[in-house]
Structures are given as structure tokens and as C-alpha cells.
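Grab a pencil and work through these exercises with the viewer open. Try each task on your own before you read the solution.

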Amino acid sequence: MTQPSRHASDEAAAAWRSRFVSLFDRAPVALAISDAYGLILGANPAFASAWRLQPGKLEGRRLLDILTPTNERQLHRLDEALRSRRRSRYPVEVTWQVGGTARHGRVTVEPVSDPQDDIPRLLVSLTEESCEGPPDAPPQDPANGLSPQEARILPLVAAGAAGSAIAREVGLTVDGVNYHVTRLCRRLDVPNRPALIARAYVLGLLDPVAWPPRTVSTAADRP
């Protein structure tokens, strides 16, 4: 069998590259490609629209300059995976700012270059998460009370319930629960769930003598 010439192989590779770029740009999913250090090499329109920008405006910027991770454990897991050259998908919860408004979502990072490459490139997809149902208006003072949805979720978090169990209990998806928990962490200025629980007790949002945990307002309503 005749082997294809190098010129023909180069033409085929160029055609596939052009096809990939076309699909990448037209994909409805928000996608970006970065190097292993988070430098953005390319972004599609869906990704750039999360900042109301054109794709070219994001090239050359670092992911950590435009996205703030809210789960240090997830970020540490991704860092360890890249150092050990493990290849899988790694989700990281993030926030970002658009016109002074905080957005919340999740990026999924996946090494995509060939296994023999010393330094892989990363395919980054972004999903914005939003509150399901009418949004709760948070109180001005974090110690001044909880929104109705927060008052249902916080005691379950304090009891150690898994996200899926909380979601079933309150009638949200797991992403919806994560949205509320992350928003509570931001309001109470804490980095993670254990710190959120501790601060909630310090602020008097949870009844310090009740088990299972319950909010103070719920405890006060009981006879």
C-alpha cells in the first residue's frame, strides 16, 4: 500500500485543524484553551460572552486573573493532577465579576494534548450556575438573618448532609445547593463549608444547643 506523501499528510492535518477551529468557535458551550499555567491561548464566543467581550480580548490573559476559585480543595486536586500528569476532568467552582455584578459557576479543566507532551494544554469549559426560582434578597448584615432558602440549607450543611441529599430535601439540583452555599460563604467571608458552619454558630444563625442543627429563628418558633 502506498504511503501518503508528507505534503498530503500536512494538508490533511491543516484541514482537520481548520475544522476543529470552526467547531470550537461555533460550539454553544463556553470553551477556552490554555497552557498548563493557565495562560489563555484561545476562547470561543460563548466563553468570552461571560465577560461581554470578544474572544480575542481574553487571549494572553490568565484564568486566575478573571476567575476566582471558591473551593481550595478542588484547586489543589487539579494542581496535583497536572504535576503528576494524570488525565481526567477536574471541576472547580468559581466566581467572576461582570459590570460590578458577581457571577457564580464552575469550570471543568481537562488536559487535551498528547500523552508524550511534557506540558499539556488544557481544555476549559465554563458553566454559569444560577438560583432556581425567585432569588432571595440577602440581608444587609450577615448576622441579621437568613433568606428562606438559606434557612433550609444551612442546618443541613451543618449536619454534614451531602449535596445530593440536601438537593432532594429542599427541591433543588446539586448545582442550586452549591450556588446558595457559595453565596453564603461570600456573605460571611469564609473560604469553605467547615468555616461557614463555625461562623454561623458564632453569629447566632444556628441554635448552639440543638441537634439536628436548626436555625435560631426556627428554634424560637418552636414551643
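**Exercise 1: Strands side by side**

Strands β4 and β5 make a hairpin with 2 residues between them, and G99 in the turn has a positive phi of about 60°. Keep in mind that this is a predicted model.

Task: Work out how many bridges join β4 to β5, and whether the two run parallel or antiparallel.

Solution. Step one: find β5, which covers residues 101–111. Step two: count its links to β4, and you get 9 bridges. Step three: check the directions; the two strands run antiparallel. To see one facing position for yourself, look at Q97, which sits opposite A102 in β5.

Now go across to the other partner of β5. Here 8 bridges connect β5 with β6, and again the pair is antiparallel. A handy landmark is P111, which faces L122 in β6.

**Exercise 2: One serine in a strand**

Task: Decide whether S125 is buried or exposed.

Solution. Step one: locate the residue; S125 belongs to strand β6, residues 122–129. Step two: take its relative accessible area, which is 18%. Step three: compare that with the cut-off; buried means under 20%, so S125, at 18%, counts as buried. Step four: look at its surroundings. Leaving aside neighbours within four places in sequence, S125 is in contact with V29, A30, L31, R106, V107 and T108.

**Exercise 3: Aromatic rings**

Task: Find which residues form the aromatic cluster, and describe how the rings are paired.

Solution. Before you start, remember that a pair of aromatic rings is described by the distance of the centres and the angle of the planes.

Step one: the structure holds 2 aromatic pairs. Step two: take F47 and W51, whose centres lie 5.3 Å apart with 35° between the planes, a tilted pair. Both F47 and W51 are buried. Step three: move on to W51 and W96. Their ring centres are 5.7 Å apart and their planes meet at 40°, so this pair is tilted. It links distant parts of the chain: W51 lies in the loop between α2 (45–48) and α3 (63–66), while W96 is in strand β4 (residues 90–98), 45 residues apart. W51 and W96 are both buried. Step four: put it together, and F47, W51 and W96 form one aromatic cluster.

**Exercise 4: A helix with a buried side**

Task: Find which residues of helix α8 are buried, and why they can be said to lie on the same side.

Solution. Step one: in α8 (residues 193–202), pick out the buried residues: L196, I197 and A200. Step two: these cover an arc of only 100° around the axis, which puts them on the same side of α8. Step three: turn the helix over. The face pointing away from the buried side carries the exposed residues P194 and V202. Step four: see what the buried residues pack against, namely α5 (148–158) and α7 (174–188).

Now check the two ends. At the start of α8, a side-chain oxygen of N192 comes to within 3.0 Å of the backbone nitrogen of A195. Just after α8, G204 has a positive phi of about 80°.

**Exercise 5: The partner helix**

Task: Work out which helices the buried residues of α5 pack against.

Solution. Step one: list the buried residues of α5, among them I153, L154 and V157. Step two: follow their packing, and you arrive at α6 (163–170), α7 and α8. Step three: look just past the end of α5, where G160 takes a positive phi of about 85°.

Conventions: Residues numbered from 1 in each chain as written. Predicted model: local features only at pLDDT ≥ 70, side-chain atom pairs only at ≥ 80, totals over all residues. Heavy atoms only, no water. Helix = DSSP H or I, 4+ residues; strand = E, 2+ residues; numbered from the N terminus. Buried < 20%, exposed > 50% of the residue type's maximum accessible area, 1.4 Å probe, protein only. Contact = heavy atoms within 4.5 Å. Phe/Tyr/Trp six-rings, centres within 6.5 Å; stacked < 30°, edge-to-face > 60°. Pairing = 2+ DSSP bridges. Arc of directions from axis to C-beta. Polar contact = N/O pair within 3.5 Å; in protein donor to acceptor, adjacent residues only side chain to side chain.
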